[in-house]
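Work through the three exercises below with the model open. Each has a task and a stepwise solution.

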Amino acid sequence: MLSRFKDAPLLAWIPERQTFLDEMMRLNGRGLEGVSCQCGEVSPQFRCRDCFGIQMFCHACTLRNHTYLPFHRIEMWNGSFFQCITLKSLGVRVQLGHNPGEKCYNPVTSAGDDFVVIGIDGVHEIALDFCGCASAQVRYKQLLRVRWYPSTVSEPRTAATFTVLQHFHLLSFESKVSAYEFYHSLARCTDNSGLLKIRDRYASFMRMVRQWRNIKQLGRAGRGHDPAGVDATCEGELAVLCPACPQPGKNLPPDWEKEPLFIRWKYALFVAIDANFRLKRKAVSSDTADPSLNVGWGYFVRDNMYKSYLADHATEKQEVSKTILVILLNLTTCVSHNAVNAADTKTSRGLAATGVGAIDCARHNMKLPNGVGDLQKGERYINMDYVVCSALLALAVCMINISYDIACQWHKKLWSRMETMPERLRLPSDTSHIRFFVPKFHIQAHIDKCRTNFSFNWSRYVGRTDGEAPERGWANINRVASSTKEMGPGTRRDTLDDHFGDWNWKKVTALGRTLLKKMVEAVKWAREHSEALAELEKTIQPALIAQWKAEVEAWEEDNSSPNPFESRFAPVTQAAVRLELAELEAQDLQAGINVSLHTDISPSVLITSGMDLEDQQARLRSKLADVSLHDTDKQKATLQTQITSLQRRLDAWARVQELYMPVVCQLRHQSSETNARMEELKPQDFELWLPSQLPIDMPTDQRLAGHEWDLRYAQALDALNDVRSHLRLRSHMYKYKDKNVRGQAGSTRAKKIIDTVESRKQASVLKYRRARNALLFLGSRLEKCGWEMIVRPLLDSDVKPMGDMERQGTGSISWIWLDSRADNSCTENERVQDCECVRLEWCKARARAHRWSEEVELLLEEMRRVIVFLKWQADWWKERETLRMVDSVPTQEGLTAYACRQSALRGSLIASFQNLWSGVPALVFDGVMESREADAPTID
């Protein structure tokens, strides 16, 4: 029967469930009848829950077996069942200061003979004797030498085993469990009935955990091997460095800064800046009561200097950009600047820190030393400038690529703000070459100018960097936000420092796999995009390619040159068409030609006003659809006023329309006869009878039809642009909501804004469809052709965000994001060779191919840097084997062993990475050769 379930273990277990239950019940008894102790005593009473097996022992054997196992849990048979009993009550005493088996001639009982040890399986009360011999060490050292961590340095009465501290340390990294939850789970392991009073050592455990974190960081940074000691630790020295990033003196070649640009670009540092408003801290405790143990040695900036700088510049006002609400008013600005303006928000009340600002290495997602600082009033420049300068100054790299979601605004006055920074933090403007970018996800929420000038996609020497590194790190650290929010300032900074360090170390150990995965993908896409570029260039004359290439290279050398990724066609808008029609009518008047039948309203104004009324009707229908049964009288009055006002405008416009289009009189007369017995039409349903809405068999004034054609064409392009803007804004708002908004009130407000954007997007979609339907009717009458390739049918499936193309260079995108504008005046051959859309597509295809090729080069350089850095670090640890000499032979041996183990660990990482990357040269070579084989001569 079991063979039927060999591939379904759970199904195989179900028939055996009763047997499993019986065996579990059996373990509640003593087992075999007539059992005796190993010494021969009959009817033994004791057994151990933690020793192997279920053998019963007598009192004497139990004590002998557990002399050096004081935390094992003993059960005693009382005649009916097993009940728990402590080794302390059985007489087990633990002697410190001597090797096992040695007798202490001057044992000193712990205070009150009441010592508590927090172990991996519970909270234990033990009988403990310290050594009081003349050569005895202080009590906390005696505890440390048996791998118990003391809660205090004087008269300790509580300790935690190294095992439980190590277990909690790793568990807190992986599961983000709080010390409170962990400690109380240990208490329940000790007694889960609630009948026994468990000693409350939670405060002691918290203190020991914090010290443990700090000691571990100091040891891993080599501070124990420095003759100058712990107090000589420098700022940022406890941070785990990124081996793949450029580290001068560690993994860069000699004179790297003198290399030509086409080589030196690979030695640039990529960093990303972002803020996290989830990592708040309540205004509890103080730096005096709760000081930081790291004091700027890790990832947080040195707090006293940071706060002093902020206090000195507290009165400075920051330039405020437009917020998301401005976008909702259809003004042109960058929506991402809302991050800067979220300074004095309702959620900042009662908080000492509203979040943190941080700078990461943008390509490997690691926190930089001294690259994190608390925020007090949102994402202010003075905070972010200080954090950025603190991190960059220690790296000593002159070529830096900075990614920031508001880089388009933040960078403008950076160097002037730098003059107000402390002297030690000022970056050298004469030798620093800094480029600014907007992350690939966030850039979709910016205006067109930003999307071209600050794009990773179009700028050379950046590979396929996306700039979104901090977002990935926040997803990991946000899980501790609920715990750190309640902590004092020092505890919170030390805890976050430790989590950042673990995040960096995990990234370091995973570099072998992550860089290999990136390389495989990069080679694949570099080949495919190179082939795509070659195929495109086969259809383009070499002279045009040479001209476009010169333009792109000129812009890459000097960004003040014309941007080749911007369309050179002036956008066709309704406002531009209205102006053009008005100018033509003015020219006709100057020539003595007057076709106007009304003193104030010309033919073009008639059509323009009619289309405006059509939009007003659509808005009114939308408002009426949202009417609630519980609207207030004021809301009802406002809506009725709008209805009446629209009806008056329609009546006035219809009277003028009858002068230019007499045929509409007949249509309206027929409509009135048809609806004579029906309720009077509402203004939102009033038939305008524009030229595009007339029956096909009725004559149409060609001039009016031509005016409507021009305006409808522009209206369609305007509406399509609005759809794109609303899609970008909606994506940005969802991202902002998921990242920063918590609680019902905030979520409700965010949802209301998102719903508003969604309704405006849908209105733009309907406007586009109305415009296209009008073009379909007018196109046949006016014999227009070619416009269907630009103003395509807009399906619901087409109305979607840009997607993955802009961020990764993969996948496909909706046609609404493609620039299909072309000059219809060109000949057929010129349309293929010289139209704007071909030029733009070539520029983008070239950029995609180059970025993926750069990515391959950059990954090869990063792999080289990783190996060189680890070799440097292995040698660095080797030097520390004898760097500090102490009198104690055991201590010296421990220092040497630790350094040797760290050096060997780096050697093992090198061997592992080299083994993983052994096939990379062949992979890259094959990809390059296949790409070259795809090249072919272009057309003549």
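**Exercise 1.** In this predicted model, find which residues Leu-923 touches, leaving out residues up to four places away in sequence.

Solution.
- Step 1: List the contacts. Leu-923 touches Met-519, Val-520 and Val-523.
- Step 2: Place the residue. Leu-923 sits in helix H32, residues 920–934.
- Step 3: Check the distance along the chain. Leu-923 and Lys-524 are 399 residues apart in sequence, yet their C-alpha atoms are 9.5 Å apart.
- Step 4: Check exposure. Leu-923 has 28% relative accessibility, so it counts as partly exposed.

**Exercise 2.** State how many disulfides the whole structure holds, and test Cys-39 and Cys-58.

Solution.
- Step 1: Recall the cut-off. A disulfide needs two cysteine sulfur atoms within 2.5 Å.
- Step 2: Test Cys-39. Its closest cysteine sulfur is in Cys-37, at 3.6 Å, too far for a bond.
- Step 3: Test Cys-58. Its closest cysteine sulfur is in Cys-61, at 3.5 Å, again too far for a bond.
- Step 4: Add exposure. Cys-39 is partly exposed at 47% relative accessible area. Cys-58 is buried at 4%.
- Step 5: Conclude. The search of the whole structure finds zero disulfides.

**Exercise 3.** Work out the strand order of the open five-stranded sheet and find its edges.

Solution.
- Step 1: Read the order. It is E14-E13-E10-E15-E16, with mixed pairing.
- Step 2: Find the edges. E14 (366–375) and E16 (433–437) each have a single partner strand, so one side of each lacks a neighbour in the sheet.
- Step 3: Inspect one pair. E10 (269–276) and E15 (399–404) run parallel over five bridges. Ala-272 stands opposite Ser-403 in E15.
- Step 4: Add the helix. H13 (381–395) lies across E10, E13, E14 and E15, at about 155 degrees to E14.

Methods: Residues numbered from 1 in each chain as written. Predicted model: local features only at pLDDT ≥ 70, side-chain atom pairs only at ≥ 80, totals over all residues. Heavy atoms only, no water. Buried < 20%, exposed > 50% of the residue type's maximum accessible area, 1.4 Å probe, protein only. Helix = DSSP H or I, 4+ residues; strand = E, 2+ residues; numbered from the N terminus. Contact = heavy atoms within 4.5 Å. Pairing = 2+ DSSP bridges. Axes fitted to C-alpha atoms, helices over the stretch in contact; angles between N-to-C directions.
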